[in-house]
Amino acid sequence: MTVKLATSTAGDKPYRDEEWQMRVDLAACYRLADRFGYSDIVWNHITARVPGPDAHFLINRFGLRFDEITASNLVTLDQGGNVIDGSNDINVTGYVIHRGIYTARHDIACVMHTHTPYGLAVSALDDGLQPVIQDAMMFYNRVAYHDYQGLSTDVSESELLATALKSHNAMILRNHGLLTAGATVGDAFIRMYYLERACRAQIEAFSTGQAVRIPSTDICEHAAQQYKHFPPGKYEWPALNRLLDEQDPSYKT
Ligand SMILES: [Zn+2]
């Protein structure tokens with residue numbers, strides 16, 4: 001089944017309104033990721049589920065920088081890794097890392113994987129993420145870990161990643177990087193923002209060589225529960241989209 005359907009409301013774009021909006025959101029996420037220093041030349045991938053029953057998902061065309069991503073140059077993949085729409089240039093590791101999560105977690109609409117500097121550093125630490133600052137509390141006992149398996153080119157790793165993630169929305173790929181997942185694109189992006197900042201604070205605090213004060217387990221859990229009242233992205237994502245629209249709305253093309 002194809003996801004291409006002509007509509008009158010999507011202008012000259014041959015996509016259903018819901019898919020076009022998802023493409024715009026995902027393109028915005030790439031542009032913002034680049035602005036926040038989360039891009040890695042042409043590596044890394046952020047994906048979003050195409051609304052509908054087909055379990056297709058959108059991914060960046062391999063070879064483009066994050067700041068070159070637009071709504072219309074995103075590529076649609078099916079669960080078998082076949083290109084349904086767009087360029088055949090796909091980073092297979094993007095397919096492997098993201099695919100299993102969409103299969104296992106129907107609540108997830110976006111998966112973001114990065115090699116951010118402080119995420120990389122924490123990914124190499126045996127004790128992983130520590131609740132050093134407030135931003136880390138939303139991940140307290142709520143971050144998964146996936147052991148390094150080499151480059152993620154074997155599709156069997158797809159299920160291992162989904163199994164490791166369990167019901168969490170954040171994961172540290174040991175010796176590799178970070179992953180966040182969200183019910184919306186904004187949800188996944190903002191989780192990545194706070195996860196990378198928590199990693200940065202941890203590295204910087206411990207790098208001072210001074211004793212680091214960590215709150216009690218009860219307080220950490222209390223703070224984690226409090227974050228339920230502040231859904232990631234609810235306020236930040238519209239604010240960031242306004243920034244893009246003011247400065248460079250070309251992501252929408
Ligand atoms: Zn990676």
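A disulfide, as used here, is a pair of cysteine sulfur atoms within 2.5 Å. I start with that cut-off, and the model it is applied to is a predicted one.

Cysteines, then. How many disulfides does the structure hold? The count is 0. Take Cys199: the closest cysteine sulfur belongs to Cys220, and at 15 Å it is too far for a bond. Seen from the other side, Cys220 is in no disulfide either, with the sulfur of Cys199 as its nearest cysteine sulfur. Buried or exposed, for Cys199? Cys199 is buried, because its relative accessible area is 0%. Cys220 has 1% relative accessibility, so it counts as buried too.

Next, the loop between helix 1 and strand 1. Helix 1 covers residues 17–35 and strand 1 covers 45–49. I have two residues to show from that loop. One is Ile41. Its phi is positive, about 60°, although Ile41 is not a glycine. With a relative accessibility of 63%, Ile41 counts as exposed. The other is Asn44, which is also located in the loop between helix 1 and strand 1. Asn44 is not a glycine, yet its phi is positive at about 75°. What is the burial state of Asn44? Asn44 counts as buried, because its relative accessibility is 2%. If you are checking backbone geometry in the model, those are the phi values of Ile41 and Asn44.

Asn44 leads on to Thr114, since the two are in contact. Where is Thr114 found? Thr114 is in strand 5, which spans residues 110–114. Its relative accessibility is 1%, so Thr114 counts as buried. Which residues does Thr114 touch, once neighbours within four places in sequence are left aside? They are Tyr38, Asn44, Gly177, Leu178 and Met192.

Last, Tyr15. This residue sits in the segment before helix 1. Tyr15 has a relative accessible area of 6%, and is therefore buried. What does the side chain of Tyr15 make a polar contact with? The partner is the side chain of Asp85, at 2.7 Å. There is also a backbone distance to note for Tyr15: its C-alpha atom is separated by 9.6 Å from that of Ser72, while the two residues are 57 residues apart along the chain.

To recap: there are 0 disulfides, Ile41 is exposed, Asn44 is buried and in contact with Thr114, and the side chain of Tyr15 has its polar contact with Asp85. That is what I have.

Definitions and conventions. Residues are numbered from 1 along each chain as its sequence is written. This is a predicted model: local features need pLDDT of at least 70, side-chain atom pairs count only at pLDDT 80 or more; totals for chains, interfaces and linings use all residues. Side-chain values use heavy atoms; hydrogens and water are left out. Helices (H or I, at least four residues) and strands (E, at least two) are DSSP runs, numbered from the N terminus. Buried means under 20% relative accessible area, exposed over 50%, partly exposed in between (1.4 Å probe, protein chains only). Contact means heavy atoms within 4.5 Å. A polar contact is a pair of N or O atoms within 3.5 Å; within protein, one must be able to donate a hydrogen and the other to accept it, and residues adjacent in sequence count only if both atoms are side-chain atoms.
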